[in-house]
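Thank you all for coming. I would like to walk you through one structure this morning, going element by element, and I will take the strands before the helices.

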Amino acid sequence: MIEINNLAKTFKEVTAVRDVSFTAQDSRITALLGPNGAGKSTTFRILSTVIQADSGTALVDGIDVVKDPMGARRKIGVMPHNAGLYTRLTGLENIRYFGTLQGLSKGDLEARVDALVDNLDMADFVSRRTQGFSQGQRIKVALARALVHDPKHVVLDEPTNGLDVMATRALRRIVKNLKDEGRCVLFSSHIMQEVDALCDHVIVIGKGEVKFDGSIEALRENAGTDDLEEAFIQMAGIEEE
Amino acid sequence: MSFTTVLKKECLDNLRDRRTLLSSFSLAILGPIFFVGIMVFVLERALGESDDPTVFSVIGAQYAPALMAYLERENTKVTRLDPVDDPQTLVTSGQHDLVLIISPDYGDRYEKGNRNTLLLINDSSKLSSQRRHLSNLRGLISNYSRTIGLLRLQLRGVDPDLTRPITTQSVDVASPAARALTILASLPYFLVLAIFMGGFYLAIDTTAGEREHGSLEPLLTQPIPRAQLVLGKIAATSVFSTLSLLVFLTSLNFSIPFVPFERIGMSLEIGLGQLGSILLVCLPLIFFAAALLTVVASFAKSYKEAQTYLTIVIFIPTMPIIIAQFMNVETTNTIMLIPSLAQSTLMTDFIKGEPVANLHITLSMLATTLYATFLSYVAVWLYNRERILG
């Protein structure tokens, strides 16, 4: 379970996150929905311990990310926005590097890598250098890298960005599997159909604040429209330009 | 340990980048060959110079038979030419390097005791060997002129010494060996440069490059202390700086026998002993270079920016060496406290085969390691800040 309580973060003069609180349950897919610049990535960065909040707390399985960052990092698998791979290493080497950094023993690591290659359907390309991989192949390797230590919590920042239809479908199936395995999946998006197709729980963020927290059905009801996009625009408090 | 994992990964990553690898080791491979080439060239010339005849051409040789006879008795090679309209073209066209012109009224003026002016046409933008011919010929002519002048004074009953109240005599002690040593003194400069060049690209790739490629953020979410991460990167840079130095020393070891030291009466030997000592005193400098490059590259926002910064940084440690060369710095305790200057001074002593105090070696190693450790702290501190993500 991931708990976010009253997070706030300001960079110099820009307030990226004003007041964000929500909970993401295990065995569920929770979507963080919001326009660009709403504070999704900042929230995720605080959660993944790479930056610190000015105030508020973030707990991963009850572990405070500020008090015990190492413990939190072991429990969480993060795929940041536009995550890059090492292009001169092969897909496998990229995954193994992170597995070793996570402290996996050689035997555990190889077993885990084999399972991931199988689950994510990467056997065709994973032993090649990642230079020249398609976006879909890159995302799969980046995802495997985030999952190599078998984390209970998975945080994906706009994972379907730049993927074609087939790759998006494949990724959705993978995310669903993660949920079925009992993991707590938290992912951000600004694409309605995707959220509609995948998520159990939606949190709409706008201008650094939580605007809505509930199920997709509740979101529709709340906005008084069946058009999800319309509902999102209303909730996020954005005006059409 | 995570430190070794990072170190191994960064080394493997950089080893696979063949082009960058070649360019960072190019100085180490070609430097010594180039260096030895210059030494051979300079020494061969220094050795050959003294025996070479002075080469020049003459127009109007028939007007001054006595002068010509004198010149030809000396170590010269004279070509007699027929008069031409524009003698300057003989030189500008490159057919002749040095042309002496004697005018037809030479004999007349000589008889009357008037001054004769001989024209020497040369091109000073050409190689220095031709300048040598010019000065030699000038010397010969002025000798001849002085002898004639003295004879004339004596004929008139005047003591020739009256006309020259003061004379000078200079003694040039610069032997070919001294020239060789001057060139050898610039060797440490190249060695220090090789150390910095060896780690140059890796320092950028592991810091600014990693951030630009977007792999830094996922890396920072791994459960390892930042110190191990940063030290792993600095260690990887050190490995490549060391490799660069080893390549340089190996290349030097194979090319130095081509220098004809024995012909200039020098028993200079850069053997494995010296190379080992050089490597030892350079180890702290390698650590220092890696830490310095990593810190500076961490400030840069992009690969390009880092390249610009580091190009400037490379000049900082090499500057004192160049200045020291001109100022002939002694090996003192204070010098040993300055990284790069300490090592280059010690290396010069090793190469010249001069005795080196153990205190100096220890002092240089301790001081440089201290600076390097401080820089590593700075690097770790930089990576502990949120701003490292850019």
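Before I say which residues stand opposite each other, let me fix one term: two strands are taken to pair if DSSP finds at least two bridges between them. Please also keep in mind throughout that what you are looking at is a predicted model.

With that term in hand, let us begin in chain A, where strand β1, residues 2-11, is joined by five bridges to strand β4, residues 55-60, and the two run antiparallel. In this pairing I2(A) stands opposite V60(A) of β4(A). The strand β1(A) also pairs with β2(A), residues 14-24, again in the antiparallel sense, over seven bridges, and here I4(A) stands opposite F22(A) in β2(A).

The strands β1(A) and β2(A) form a hairpin with two residues between them, and K12(A), which is found in the loop between these strands, deserves a moment. K12(A) has a positive phi of about 50° although it is not a glycine. Is K12(A) buried or exposed? It has 5 C-beta neighbours inside 10 Å, and therefore K12(A) counts as exposed.

There is a second residue of this kind further along, in the loop between β2 and β3 of chain A, namely S27(A). Its phi is near 55°, which is again a positive value in a residue other than glycine. For S27(A) the count is 13 C-beta neighbours inside 10 Å, so S27(A) is classed as partly exposed.

Returning to strand β4 of chain A, I would draw your attention to S55(A), which is found in that strand. Leaving aside residues up to four places away in sequence, S55(A) touches N6(A) and A8(A). The C-alpha atoms of S55(A) and N6(A) are separated by 7.2 Å, while the two residues are 49 apart along the chain. Because S55(A) has 12 C-beta neighbours inside 10 Å, it counts as exposed.

Next comes strand β6(A), residues 76-79, where I76(A) and V78(A) point one way, G77(A) and M79(A) point the other way, and all are buried. In general, the side chains of a regular strand alternate between the two faces of the sheet. The strand β6(A) is joined by four bridges to β7(A), residues 153-157, and these two run parallel; in β7(A), the bridge partner of M79(A) is L156(A).

Still in chain A, we come to a helix, α9, residues 228-236, in which A231(A), F232(A) and M235(A) are buried. Why do these residues lie on the same side of α9(A)? They cover an arc of only 100° around the axis, and that is what puts them on the same side of the helix. It is worth recalling that an α-helix has 3.6 residues a turn, so residues three or four places apart point the same way. What covers the buried residues of α9(A) includes the strands β3, β9 and β10 together with the helices α7 and α8, which belong to chain A as well. Just after α9(A), G237(A) takes a positive phi of about 70°.

Let me now turn to chain B, beginning with its contact with chain A: 18 residues of chain B are in contact with 23 residues of chain A. On the side of chain B that touches chain A, the elements giving two or more residues are α1, residues 2-15, and α9, residues 216-220, of chain B. Of these, α1(B) gives the most, with four residues. Sorted by class, this side of chain B has five nonpolar, seven polar and six charged residues.

Chain B also holds an open sheet of four strands, in the order β2-β1-β3-β4, with mixed pairing. The edge strands are β2(B) and β4(B), each of which pairs on one side only. Within the sheet, β1(B), residues 54-59, and β3(B), residues 98-101, pair in the parallel sense over three bridges, and I59(B) has I101(B) as its bridge partner in β3(B).

I will finish with a helix pair in chain B: α11, residues 272-299, and α13, residues 341-352, pack at an angle of about 175°, with their axes 10 Å apart. That angle makes α11(B) roughly antiparallel to α13(B). By class, their contact has eight nonpolar, three polar and no charged residues. Among the residues that meet there are I278(B) and L285(B) from α11(B), and L346(B) and F350(B) from α13(B).

Conventions:
Residues numbered from 1 in each chain as written. Chains lettered and ligands numbered in written order. Predicted model: local features only at pLDDT ≥ 70, side-chain atom pairs only at ≥ 80, totals over all residues. Axes fitted to C-alpha atoms, helices over the stretch in contact; angles between N-to-C directions. Parallel < 35°, antiparallel > 145°, perpendicular 65-115°, else oblique. Contact = placed C-beta atoms within 7 Å. Nonpolar A, V, L, I, M, F, W, Y, C, P; charged D, E, K, R; others polar. Buried ≥ 20, exposed ≤ 12 C-beta atoms within 10 Å, placed from the backbone. Arc of directions from axis to C-beta.
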